[in-house]
Amino acid sequence: MKSKEIFAETALLPSGWAQNVSVSVDPSGRIAEVRKDAQPGAFTHRVGVLLAAPANLHSHAFQRAMAGFTETRGSGASDSFWTWRQVMYRFLEQLTPEDVEAITGFVQMEMLEAGYAASVEFHYLHHRPDGEPYADLAEMSGRVCAAAADTGIGLTLLPVLYQYGGIDRRPLGAGQVRFGNDPDRYARLLEGAEAALTGLPPDARIGVAPHSLRAVDAERLTWASELRPDAPLHMHIAEQVAEVEEIRQATGARPVDWLLDTHAVDGRWCLIHCTQMTEAETVRLATSGAVAGLCPITESSLGDGIFNGESYVGQGGRFGIGSDSNIRISLSEELRTLEYSQRLASSRRAVFAEAGRSTGRVLFEAALSGGAAAAGRDCGAIEAGRVADLLSLDAEATGLLGRAGDQILDSWIFAGDDRLVRDVWSAGRHVVREGRHVARNGIEARYRRTIRCLTGAI
Ligand code: ZN
């Protein structure tokens with residue numbers, strides 16, 4: 001196989017914006033060479049604007065299919081995360097392995113079309129509806145891998161350890177038995193997931209995910225953190241006020257404080273949400289080196305709260321973006337929602353902007369580096385040696401006319417949407433062309449069949 005070459009009129013490199021950039025990608029899917037002030041070759045793929053493509057650092061793929069089912073009030077005086085979770089549990093009781101593969105393929109395709117090149121799947125739906133394992137313990141993990149094989153997305157698979165139904169160590173409820181594993185079975189599941197990943201290209205990764213402090217006890221959190229010492233380690237934390245209060249009552253400390261007091265949290269940790277932190281927790285987390293996994297659209301949808309972004313970034317904290325519940329797949333909207341949440345909370349504008357870098361650029365570059373770290377993936381920049389996760393924007397679109405430098409990112413994120421995304425390469429695989437996934441017809445047809453059956457059964 002010969003290397004591919006991409007020629008961009010404008011590209012964002014680690015050194016800043018550059019013109020007439022040629023990027024060659026070797027057959028292994030890594031960037032071989034980057035040249036500025038180049039000329040396009042005869043067989044080069046030409047684009048207007050070339051950017052590194054971020055990893056989506058947090059997804060529960062199957063939840064895509066229940067988007068729009070949870071926007072009515074329950075019988076109580078107010079609705080909340082916890083009533084949303086009841087609907088989610090009822091929905092997932094229906095799902096077969098075939099359904100999970102079809103939904104996962106569809107949402108991965110949408111992620112690619114939105115500009116993400118990779119997805120970190122926080123995967124907790126392991127067993128049959130009655131809680132019995134499938135004949136292949138890693139059946140569902142295999143289905144996530146099969147979807148990634150179809151879509152070409154760069155997959156980091158995080159099989160989830162889920163032990164309990166709550167912080168009081170109650171058994172799993174009826175809606176949770178599909179998630180549960182004791183430590184021995186979890187260790188075997190992890191091995192099964194690793195075996196399934198060997199069928200994917202070499203950029204696929206494994207990671208470990210103790211679900212949350214509600215679902216995993218302290219001893220097993222430590223145990224899980226040592227299972228794959230070089231792999232990414234993710235967990236949900238500090239999402240909801242009620243959750244923080246439960247953990248404070250059970251442990252005497254707020255969740256982020258408790259975790260930082262009891263575990264050596266460093267750059268391999270990705271802590272999902274962190275929407276409920278005190279100022280002191282914010283500073284501690286920022287200086288730990290961990291990545292905060294922010295999911296602004298889902299956090300808005302669920303009423304989780306507002307991340308303490310200005311203080312966190314001011315202390316050098318790292319963050320990336322995830323689509324979590326997948327109620328809507330839009331990279332630009334995730335970044336816009338994050339910034340707008342800060343503006344609404346502080347009554348100020350351009351909260352993340354800094355000297356020499358606009359709001360859109362700061363947000364986008366954070367998503368690149370935080371996403372790469374959280375995915376355990378050597379991507380996130382257009383430079384030789386990195387995994388070739390790339391996207392192009394349509395420089396001829398009316399929304400980008402006359403824009404240069406950071407204005408390109410600001411116009412995409414704040415004034416446009418993901419229809420500006422023209423091409424996406426995941427580890428060099430050119431899976432989105434002219435704004436459309438190359439296998440969209442088949443993936444969409446399968447998803448349509450699945451949803452017709454599922455919605456009829458609910
Ligand atoms: Zn989540």
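1. Strands β1 and β2 make a hairpin, with two residues between them. The model is a predicted one, and the points below should be read in that light. β1 covers residues 4-13 and runs antiparallel to β2, the two being joined by nine bridges. Within this pairing, Thr 10 has Gln 19 of β2 as its bridge partner.

2. β2 spans residues 16-25, and seven of its 10 residues are buried, so the strand is mostly covered. β2 also pairs with β3 (residues 31-35), again antiparallel, through four bridges. Val 25 is matched there with Ile 31 in β3. The hairpin of β2 and β3 has five residues between the strands, and in it Gly 29 takes a positive phi near 95°.

3. Which strands make up the sheet that holds these hairpins, and in what order? The sheet is open and has eight strands, in the order β3-β2-β1-β4-β14-β15-β16-β17, with mixed pairing. β3 and β17 are its edge strands, and each pairs on one side only. Further along the sheet, β15 (residues 421-426) and β16 (residues 429-433) run antiparallel and are joined by three bridges. Val 424 has Val 432 of β16 as its bridge partner.

4. His 437 belongs to β17, which consists of residues 436-437. The relative accessible area of His 437 is 3%; the residue counts as buried because the cut-off is under 20%. A polar atom of the His 437 side chain lies 2.9 Å from the backbone nitrogen of Ala 439.

5. A second open sheet has four strands in the order β10-β11-β12-β13, with parallel pairing. β10 (233-237) and β13 are at the edges; each has a single partner strand, so one side of each has no neighbour in the sheet. On average, neighbouring strands of this sheet are turned by 30° against each other, direction ignored.

6. β10 and β11 (residues 269-273) run parallel and are joined by five bridges. Leu 233 stands opposite Trp 269 in β11, and Met 235 has Leu 271 of β11 as its bridge partner.

7. Is β10, an edge strand, mostly covered or mostly uncovered? Five of its five residues are buried, and the strand is mostly covered. Leu 233, Met 235 and Ile 237 point one way from β10, while His 234 and His 236 point the other way. In a regular strand, side chains alternate between the two faces of the sheet.

8. His 236 of β10 is also one of the residues at the metal site. Its NE2 atom coordinates the zinc ion, together with NE2 of His 58, NE2 of His 60 and an OD atom of Asp 324, at 2.1 to 2.5 Å. In sequence, the spacing of the donor residues is H-x1-H-x175-H-x87-D. The pair of His 60 and Asp 324 links distant parts of the chain, 264 residues apart. His 60 sits in the loop between β5 (55-59) and α1 (81-92), and Asp 324 in the loop between β13 (318-321) and α11 (331-346). His 60 and Asp 324 are both buried.

9. Why is the zinc arrangement called irregular? The angles subtended by the four donor atoms run from 84 to 172°. A tetrahedral assignment would need all angles between 85 and 135 degrees, so the range of 84 to 172° rules it out, and the arrangement is irregular. For comparison, the ideal angle for four tetrahedral donors is 109.5 degrees.

10. How many disulfides does the structure hold? The number is zero. For Cys 274, the closest cysteine sulfur is that of Cys 270, at 8.1 Å, which is too far for a bond. Cys 295 is likewise in no disulfide; its nearest cysteine sulfur, also that of Cys 270, is 8.2 Å away. The cut-off for a disulfide is a sulfur pair within 2.5 Å. Cys 274 is buried, with a relative accessible area of 1%, and Cys 295 counts as buried at 0% relative accessibility.

Key. Residues are numbered from 1 along each chain as its sequence is written. This is a predicted model: local features need pLDDT of at least 70, side-chain atom pairs count only at pLDDT 80 or more; totals for chains, interfaces and linings use all residues. Side-chain values use heavy atoms; hydrogens and water are left out. Donors are N, O and S atoms within 2.8 Å of the metal (3.2 Å for Na, K and Ca); water is not among the atoms, so sites may look incomplete. Four donors count as tetrahedral if all angles lie between 85 and 135 degrees; four count as square planar and six as octahedral if opposite donors are over 155 degrees apart and all others between 65 and 115; anything else is irregular. Buried means under 20% relative accessible area, exposed over 50%, partly exposed in between (1.4 Å probe, protein chains only). Two strands pair if DSSP finds at least two bridges between them. Axes are lines fitted to C-alpha atoms, for helices over the stretch in contact, and angles run from 0 to 180 degrees between N-to-C directions. A polar contact is a pair of N or O atoms within 3.5 Å; within protein, one must be able to donate a hydrogen and the other to accept it, and residues adjacent in sequence count only if both atoms are side-chain atoms.
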